[in-house]
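I opened this entry to look up how the strands are paired and where the backbone takes unusual angles.

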Amino acid sequence: MSKAVQAFLSGMLFTFILDFFLFLGIFQNYIKVKEIDVYYNILFADHQSLILFLLFSLILGYITIYKSTKLSLIIIGTLCIISLSTLIAPIGSSLGEALLMKNAVEIKMKKYSYRGDVLYDGRQTVTFYDYTFKKVLHLDKNKIIGEY
């Protein structure tokens with residue numbers, strides 16, 4: 001196996017591990033706390049950026065195979081600490097809000113209109129916190145009129 005292929009595969013492995021813990025922290029500290037009905041696998045797959053994944057795979061693979069061991073350990077160790085920090089409740093929750101939440105939106109349906117925060121925009125439903133009712137609603141995406 002060539003050194004370039006080995007570097008890319010090593011980078012993919014490290015990037016996958018970093019992504020796993022990043023999304024695990026968001027799942028534990030945002031999705032579960034807000035009681036959003038979504039599985040970890042769906043969260044991970046739907047919010048994975050292929051371009052960023054490949055970019056990080058190339059960079060981390062290059063660093064691990066072609067650069068000095070000390071530099072590799074410092075960079076990968078720092079990225080691991082950053083990724084694992086999402087397991088701390090306030091950090092995971094705030095990152096989940098930054099990535100998944102839309103504040104102060106209005107959703108219109110045939111008979112009703114809702115104002116509040118989109119907690120999670122899923123495949124079939126939108127988990128929505130309504131300011132008037134002060135509770136979480138699960139709205140069918142097929143019945144929503146227009147953009148929100």
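I looked up the bridge partner of Asp117 in β3 and found Tyr129. The model I am reading is a predicted one.

I then read the pairing around that bridge. Strand β2, residues 113-121, and strand β3, residues 125-130, are antiparallel and share five bridges. I noted that the connection from β2 to β3 is a hairpin through three residues.

I moved on to the next pair. Strand β4 covers residues 135-140 and runs antiparallel to β3, with six bridges joining the two. For Thr125, I found Asp140 as the bridge partner in β4. I recorded a hairpin here also, with four residues between β3 and β4.

Which residue in the turn between β3 and β4 has a positive phi? I found Lys134, at about 55°. I noted the background: most residues other than glycine have a negative phi. Lys134 is a residue other than glycine with a positive value. I also checked whether Lys134 is buried or exposed. Its relative accessibility is 61%, so I entered Lys134 as exposed.

I looked up Glu35 for its backbone angle as well. Its phi is near 55°, again positive in a residue other than glycine. I located Glu35 in the loop between α1, residues 3-31, and α2, residues 40-46. The relative accessible area of Glu35 is 65%, and with the cut-off for exposed set at over 50%, I entered Glu35 as exposed.

Methods: Residues are numbered from 1 along each chain as its sequence is written. This is a predicted model: local features need pLDDT of at least 70, side-chain atom pairs count only at pLDDT 80 or more; totals for chains, interfaces and linings use all residues. Side-chain values use heavy atoms; hydrogens and water are left out. Two strands pair if DSSP finds at least two bridges between them. Buried means under 20% relative accessible area, exposed over 50%, partly exposed in between (1.4 Å probe, protein chains only).
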